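The following exercises examine selected residues of one structure, each with a worked solution. Please study the sequence and the model before beginning.

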Amino acid sequence: MKLTSRGAATRDRILEGAAAEIRRQGVFSVTLDDVLAATATSKSQLFHYFPGGKEELFLAVARYEADRVLADQQPELSTLTSWEAWQAWRDKVVGHYRTQGQDCPLSIAVSQAGRSTPATQAVVAELMQHWQSALAVGVAHMRAAGRTAPDLDPERVAAALLAAIQGGVLILMSTGSIGHLEAALDEGIAALRRGAPVTA
């Protein structure tokens, strides 16, 4: 659907309002009426921009939250060119999840839209691929600069880091403890540093 600037603004308002309501109330409590009230839009407007109703809206929220996951790591995620930069990225990720706590908006939105649907799987897969690719670029830079082991596979290292992060986030959501996420990041970065060639 091609939208006018006014139409795009209305759609964005509905989307952002729905995301805010999900974060505030929890996904299983939010109704379309809540979204309409929060965004000062009519039911006809909502269905104009999201013809599939609640399922389509919550899928759009999942994509919106996925985009936020990466945006919230910038500019550090795109500048992993020194150990100081890696530490700054680590601190930003931990700070983000510490602030967010046990309520992960992306996981909440995906669970509402349905984890098993091809559409929601595609949203999560796209997020993970972009995140892994950005980490792999950083690992490749450190390898090329001679700051880590010369035989590292950047994609494999990035995949391991991403899996460790997701495990830490899952434990955070289950227990409220951020320690596992911190350990996963600290040990992952330390492993990269231990592979650096010894210099005289």
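**Exercise 1.** Determine whether Leu80 is buried or exposed, and describe its surroundings.

*Solution.* Step 1: Leu80 has a relative accessibility of 3%, so Leu80 counts as buried; buried means under 20% relative accessible area, exposed over 50%, and partly exposed in between (1.4 Å probe, protein chains only).

Step 2: Leu80 lies in the loop between helix H4 (54-71) and helix H5 (83-100). Helices (H or I, at least four residues) are DSSP runs, numbered from the N terminus.

Step 3: Leaving aside residues up to four places away in sequence, Leu80 touches Ala85, Trp86, Trp89, Ala134, Leu135, Gly138, His141 and Met142. Contact here means heavy atoms within 4.5 Å.

Step 4: Between Leu80 and Met142 the C-alpha to C-alpha distance is 8.1 Å, although they are 62 residues apart in sequence.

The model is predicted: local features need pLDDT of at least 70, side-chain atom pairs count only at pLDDT 80 or more, and totals for chains, interfaces and linings use all residues. Residues are numbered from 1 along each chain as its sequence is written, and side-chain values use heavy atoms, with hydrogens and water left out.

**Exercise 2.** State how far apart the closest N and O atoms of Glu65 and Arg68 are, and place the pair in its helix.

*Solution.* Step 1: A salt bridge is a side-chain nitrogen of Lys or Arg within 4 Å of a carboxyl oxygen of Asp or Glu. By this rule the count is seven salt bridges.

Step 2: Glu65 forms one of them with Arg68, with 3.1 Å between the closest N and O atoms.

Step 3: Both belong to helix H4, and because they are three residues apart, about one helical turn separates Glu65 and Arg68.

Step 4: Glu65 is buried at 3% relative accessibility, whereas Arg68 is partly exposed at 30%.

**Exercise 3.** Identify the residues with which Arg90 forms salt bridges, and state which network includes Arg90.

*Solution.* Step 1: Arg90 is buried, with a relative accessible area of 11%.

Step 2: One partner is Asp91, the closest N and O atoms being 3.0 Å apart; Asp91 is partly exposed at 38%.

Step 3: Another partner is Glu182, where the closest N and O atoms are 4.0 Å apart. This pair links distant parts of the chain, with Arg90 in helix H5 and Glu182 in helix H9 (residues 179-194), 92 residues apart. Glu182 is partly exposed at 21% relative accessibility.

Step 4: Salt bridges link Arg90, Asp91, Arg98, Glu182 and Asp186 in a network.

How values were computed
Helices (H or I, at least four residues) and strands (E, at least two) are DSSP runs, numbered from the N terminus.
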